[in-house]
Amino acid sequence: MLRFYDVQVKCDGLAAIGALSGRRDRGVAFDDGHRTVRARRWGLGTRLLLSTVAVVLVGAGTAWLVAASLGPRIFHEHMVAGQAANEPVVYHAEWAFRDASTLSLALALMAALTASVAVSLFLTRRVTASLAAATTAARAVAAGEHSVRVPHVGMGRELDELAEALNTTAADLAEVEATRIRMLGNLAH
């Protein structure tokens, strides 16, 4: 599933001031005085998945180049060193080696791509779910619900520190609110 996340930006000459709109349909808008251009950014989950696929494709391309350039040469040298005198036999053996190497390498690279995409999808969903929980808690705290806490999900130090910071902020705001209510109560008497 692909998601777009946008921020509305108003431009005045070369200076740009970003402002988040409170609407759900956020968009990046660049207004140069004559026209408005909308741009979209991919969500974190999509970017993580695409970066993993890009790394795997670069690795696959590199493996393919190395195997295609070195494998046949090495095999040919072994055939010549083995004193295979019959030229048609050597040619057939080299052709068979190329076919077998190409097929096995292609299948291995497709299996690696499939496995890496599956693992990437699993990890991406875990990370985005953790961030979604933090976002939901932050919105609830911003709406005045100071009892909301973000659970620690064990997805790494950074996400645990984010959860701890949001929980500390919510607890501090709850304490400030309780103090404010106590002070207003004392003032009223």
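In the predicted model, helix α2 is followed by G144. The phi of G144 is positive, near 105°. Helix α2 itself covers residues 87-142, a run of 56 residues. At 1.5 Å a residue, a helix of this length should span 82 Å. The end C-alpha atoms of α2 lie 80 Å apart, which agrees with that expectation.

Helix α2 packs against helix α1, residues 44-81. The axes of α1 and α2 come within 9 Å. They cross at roughly 165°. Angles over 145 degrees count as roughly antiparallel, and α1 and α2 are therefore roughly antiparallel to each other. Their crossing is right-handed. By class, the contact of α1 with α2 has 24 nonpolar residues. Nine polar and two charged residues complete the tally.

Aromatic rings also link these two helices. The count of aromatic pairs comes to two. One of them joins F75 and F97. This pair is stacked, with 4.6 Å centre to centre and 0° between the planes. F75 sits in α1 and F97 in α2. The two residues are 22 residues apart, so the pair links distant parts of the chain.

Helix α2 also packs with helix α3, residues 157-188. Here the angle is about 15° and the axes are 11 Å apart. Angles under 35 degrees count as roughly parallel, and α2 and α3 are therefore roughly parallel to each other. The crossing of α2 and α3 is left-handed. On the α2 side, the contact is made by V127, S130, L131, A134, A138 and V141. On the α3 side, L159, L162, L166, A170 and L173 take part. By class, this contact has ten nonpolar residues and one polar residue. No charged residues belong to the contact of α2 with α3.

Technical notes. Residues are numbered from 1 along each chain as its sequence is written. This is a predicted model: local features need pLDDT of at least 70, side-chain atom pairs count only at pLDDT 80 or more; totals for chains, interfaces and linings use all residues. Side-chain values use heavy atoms; hydrogens and water are left out. Helices (H or I, at least four residues) and strands (E, at least two) are DSSP runs, numbered from the N terminus. The expected span of a helix is 1.5 Å times one less than its number of residues. Axes are lines fitted to C-alpha atoms, for helices over the stretch in contact, and angles run from 0 to 180 degrees between N-to-C directions. Angles under 35 degrees count as roughly parallel, over 145 as roughly antiparallel, 65 to 115 as roughly perpendicular and the rest as oblique. A crossing is left-handed if the near helix is turned anticlockwise from the far one by less than a right angle, and right-handed if clockwise. Contact means heavy atoms within 4.5 Å. Ala, Val, Leu, Ile, Met, Phe, Trp, Tyr, Cys and Pro count as nonpolar, Asp, Glu, Lys and Arg as charged, and the others, Gly among them, as polar. Rings of Phe, Tyr and Trp (its six-membered ring) pair if their centres lie within 6.5 Å; planes under 30 degrees apart count as stacked, over 60 as edge-to-face and the rest as tilted.
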